[in-house]
Amino acid sequence: MDEDVLTTLKILIIGESGVGKSSLLLRFTDDTFDPELAATIGVDFKVKTIAVDGNKAKLAIWDTAGQERFRTLTPSYYRGAQGVILVYDVTRRDTFVRLDNWLNELETYCTRNDIVKMLVGNKIDKENREVDRNEGLKFARKHSMLFIESSAKTRDGVQCAFEELVEKIIQTPGLWESESQNSKLRLSDSPDARGGGSCGGYCSML
């Protein structure tokens with residue numbers, strides 16, 4: 001039944017505890033939001049198929065626990081992943097400051113050099129912002145990451161974060177073809193010809 005699916009991609013969501021990783025995943029996969037969502041213990045896992053540029057990709061999305069004590073399985077999270085979404089909370093500067101630690105962990109355990117990284121500043125629906133959008137953008141540029149701000153509560157940026165990540169993975173030669181034996185790839189002639197799309201804050205890194 002997956003005949004028309006181009007490839008299956010492993011996507012990770014990482015970041016400090018409480019930044020909204022599970023809420024982003026729930027909004028993306030089920031289009032629901034639960035303000036009382038409990039902290040993830042260990043790892044949560046969801047599958048969703050999306051179409052990007054005429055190509056269908058099945059996403060196996062791993063939502064990892066942010067707390068130190070649940071992170072003993074870390075190496076297996078990262079193995080074989082093609083994309084990672086690194087989340088911080090725009091209302092908590094400490095979650096932004098610790099992004100370097102998460103990038104170091106990614107470098108240590110990731111099995112691919114060309115993994116596509118998306119930085120997401122979550123909870124932009126809240127008033128008490130501590131991290132300016134330009135700070136997030138600057139950090140993303142420094143580390144060659146895609147960047148978007150989002151709100152799992154209001155849906156802002158959520159769908160776009162995943163779609164842009166998948167699009168970039170599909171456009172990266174050698175990142176996923178080895179897992180896919182067919183060649184039904186249809187890329188648009190120029191990714192830049194799409195204009196900004198509906199993503200507004202999206203910023204592509206080369």
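Here's a quick briefing on a helix, a strand, a cavity and some ring contacts in this structure. Keep in mind that the model is predicted. Helix α1 (residues 21–30) is largely enclosed by the rest of the structure, because nine of its ten residues are buried. Strand β1 (residues 5–15) is mostly covered too, with ten of its eleven residues buried.

**Helix α1**

- The buried residues of α1 are Lys21, Ser22, Ser23, Leu24, Leu25, Leu26, Arg27, Phe28 and Thr29.
- After α1 comes Asp31, and its phi is positive, near 50°.
- One ring in this helix has a charge for company: Lys48 lies over the face of Phe28, 5.2 Å from the ring centre.

**Strand β1 and its partners**

- On one side of the bookkeeping there's strand β3 (residues 55–64), which runs parallel to β1 and is joined to it by eight bridges.
- Within that pairing, Lys10 has Ala60 of β3 as its bridge partner.
- Lys10 also turns up in a ring contact, as its charged end sits over the ring of Trp62, 4.1 Å from the centre.
- Then there's strand β4 (residues 83–89), which pairs with β1 over five bridges, again in the parallel sense.
- Here Ile14 stands opposite Leu86 of β4.

**Cavities**

- Two cavities of 30 Å³ or more are counted.
- The largest cavity has a volume of about 40 Å³.
- Its lining is made up of Ile13, Leu24, Ile85, Val120, Ser150, Val158, Ala161 and Phe162.
- Helix α6 (residues 158–170) gives the largest share of that lining, namely three residues.
- By character, the lining of the largest cavity splits into seven nonpolar residues, one polar and no charged.
- Leu24 links two of our topics: this residue lines the largest cavity, and in α1 it's among the buried residues.

**Aromatic pairs**

- The count of aromatic pairs comes to five.
- In one of them, Tyr88 and Phe96 have ring centres 5.0 Å apart and planes at 65°, so the pair is edge-to-face.
- The cut-off for that label is over 60 degrees between the planes.
- Tyr88 is buried, with a relative accessible area of 0%.
- Phe96 is buried as well, at a relative accessible area of 10%.
- Ring pairs also bring in Phe139, which forms a cluster with Tyr88 and Phe96.

Technical notes: Residues numbered from 1 in each chain as written. Predicted model: local features only at pLDDT ≥ 70, side-chain atom pairs only at ≥ 80, totals over all residues. Heavy atoms only, no water. Buried < 20%, exposed > 50% of the residue type's maximum accessible area, 1.4 Å probe, protein only. Helix = DSSP H or I, 4+ residues; strand = E, 2+ residues; numbered from the N terminus. 1 Å grid on protein atoms, 1.4 Å probe; cavity = no way out; pocket = protein on both sides within 12 Å on 5 of 7 lines; lining within 4 Å. Points joined across faces, edges and corners; volume = space filled by probe spheres on them. Nonpolar A, V, L, I, M, F, W, Y, C, P; charged D, E, K, R; others polar. Pairing = 2+ DSSP bridges. Phe/Tyr/Trp six-rings, centres within 6.5 Å; stacked < 30°, edge-to-face > 60°. Lys NZ or Arg CZ within 6 Å of the ring centre and 35° of its normal.
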